[in-house]
Amino acid sequence: MQPEAAAEYQQKVIGRHELSAEVPESIRMSFERLREVYVQGILCYDLYTVAGDLARLLTEQALRERFLSFSEGTVTFTHISDGRTQILHADRWEDLRASLPSPRTWRLQLRSGNAPIPFNGMLASLLRWARAEVLLAGQQDRMRDEPRAWFRNYVAHSGGYHLQGPDHAEWAIADVAHIANRLWGASSGIPVQREVVAIAWDEREVTWGTPNRFAGFPRSDHAVVLVLADPDDHNERNDRNKDF
C-alpha cells in the first residue's frame, strides 16, 4: 500500500472501536491514547506492540475501576469455616488490594446473590467477579478470559523484547472496548455508522449502493429494498448491519 492509503486504512480500522459515554473519563482518556499510539504505528512499527501491550493492561484498569464503583467502596468477605464476616472500605484500588484477606479462607460476597467467590484482586479473579455479578456474559466470551489473563501476565512480567503486528494490536484494543462497554452496561459491538442503501435484484444479478448511485433501472422487473447499512462494508457483515 502507498503510505497515504496505509495511514487512511489504519485510521479507519481503529476508528471502528469506541467507548460508550457511560465509561468513566479516566478509562476513555487511556483508550484514546491507545488509539493514537496505534495510528502512529504507521510511522514506527514497534508502536503496534506498544498499543497491544497497553490494551492488555487497560483491561485490568477498567475492571478495577468498575469493581470500586460497583461496590461503592465497600466489600464484604465471609470466612469459609465459621461464617464470620470482614468488611473493607476503600476509595482507591491500591488501598483495597493491600487489605484483601487470603482467598484460601475468605470468600467475596456478591450483590447478585450468587455464591461467594475467592478473590485476590488479580485479573483472573476480577473477570470471575464481573461474570458472577452478571456484568459480563456469554459462554464464548468466557472462554477468552484465560488468554486475557495470560496476555496480561506476559506483558507485565515477561521482561523481554517482543514484536507484534497491527492485527494483534487491533484485536487487543477491540477486546478492551468490548470489556469496558459491557462493564458499564453498553453494547459490546463495534458502533457502525449506517445510511440508506438500496439493494436491487432480478433473476440474473444483484446490485446495491447508496441511492445516489441509482439513476433508474433499464428494466422494470427488479425487486428493490431500502435498508440501513454500512455502505463501505462489502462482505457478509451487511446482513448483520442492515435494519429493515
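**Exercise 1. Find the bridge partner of A198 in β5, then place that pair in its sheet.**

Solution.
- Start with the pair: A198 is bridged to G209 in β5. The model is predicted; local features need pLDDT of at least 70, side-chain atom pairs count only at pLDDT 80 or more, and totals for chains, interfaces and linings use all residues. Residues are numbered from 1 along each chain as its sequence is written, and side-chain values use heavy atoms, with hydrogens and water left out.
- Go up to the strands. β4 and β5 run antiparallel and are joined by four bridges. Strands (E, at least two residues) and helices (H or I, at least four) are DSSP runs, numbered from the N terminus. Two strands pair if DSSP finds at least two bridges between them.
- Complete the sheet. It is open, has three strands in the order β5-β4-β6, and its pairing is antiparallel.
- Check the edges. β5 (206-209) and β6 each have a single partner strand, so one side of each lacks a neighbour in the sheet.
- Add the twist. Neighbouring strands here are turned by 20° against each other on average, direction ignored. Axes are lines fitted to C-alpha atoms.

**Exercise 2. Describe the nonpolar patch that includes V196.**

Solution.
- List the members: V196, V224, L226 and L228. Together they have about 320 Å² of accessible area, computed by the Shrake-Rupley method with a 1.4 Å probe.
- Apply the patch rule. Residues need over 30% relative accessible area and no salt bridge, and nonpolar side chains are joined within 5 Å. A salt bridge puts a side-chain nitrogen of Lys or Arg within 4 Å of a carboxyl oxygen of Asp or Glu.
- Assign strands. β6 (residues 223-229) gives the largest share, three residues. V196 lies in β4 (residues 195-201).
- Classify V196. Its relative accessibility is 39%, so V196 counts as partly exposed. Buried means under 20%, exposed over 50%, partly exposed in between.

**Exercise 3. Work out the sheet that contains β1.**

Solution.
- Set the order: β2-β1-β3, open and antiparallel.
- Find the edges. β2 (85-89) and β3 (106-108) have a single partner strand each, so one side of each is left without a neighbour in the sheet.
- Give the twist: 30° on average between neighbouring strands, direction ignored.
- Inspect one pairing. β1 (residues 74-79) and β2 are antiparallel over five bridges. T76 stands opposite I87 in β2.

**Exercise 4. How many helices and strands does the protein have?**

Solution.
- Count the elements: nine helices and six strands.
- Add burial. Of the 244 residues, 41% count as buried.

Definitions and conventions:
Buried < 20%, exposed > 50% of the residue type's maximum accessible area, 1.4 Å probe, protein only. Patch = residues over 30% accessible without salt bridge, like charges linked within 9 Å, V, L, I, M, F, W, Y side chains within 5 Å. Axes fitted to C-alpha atoms, helices over the stretch in contact; angles between N-to-C directions.
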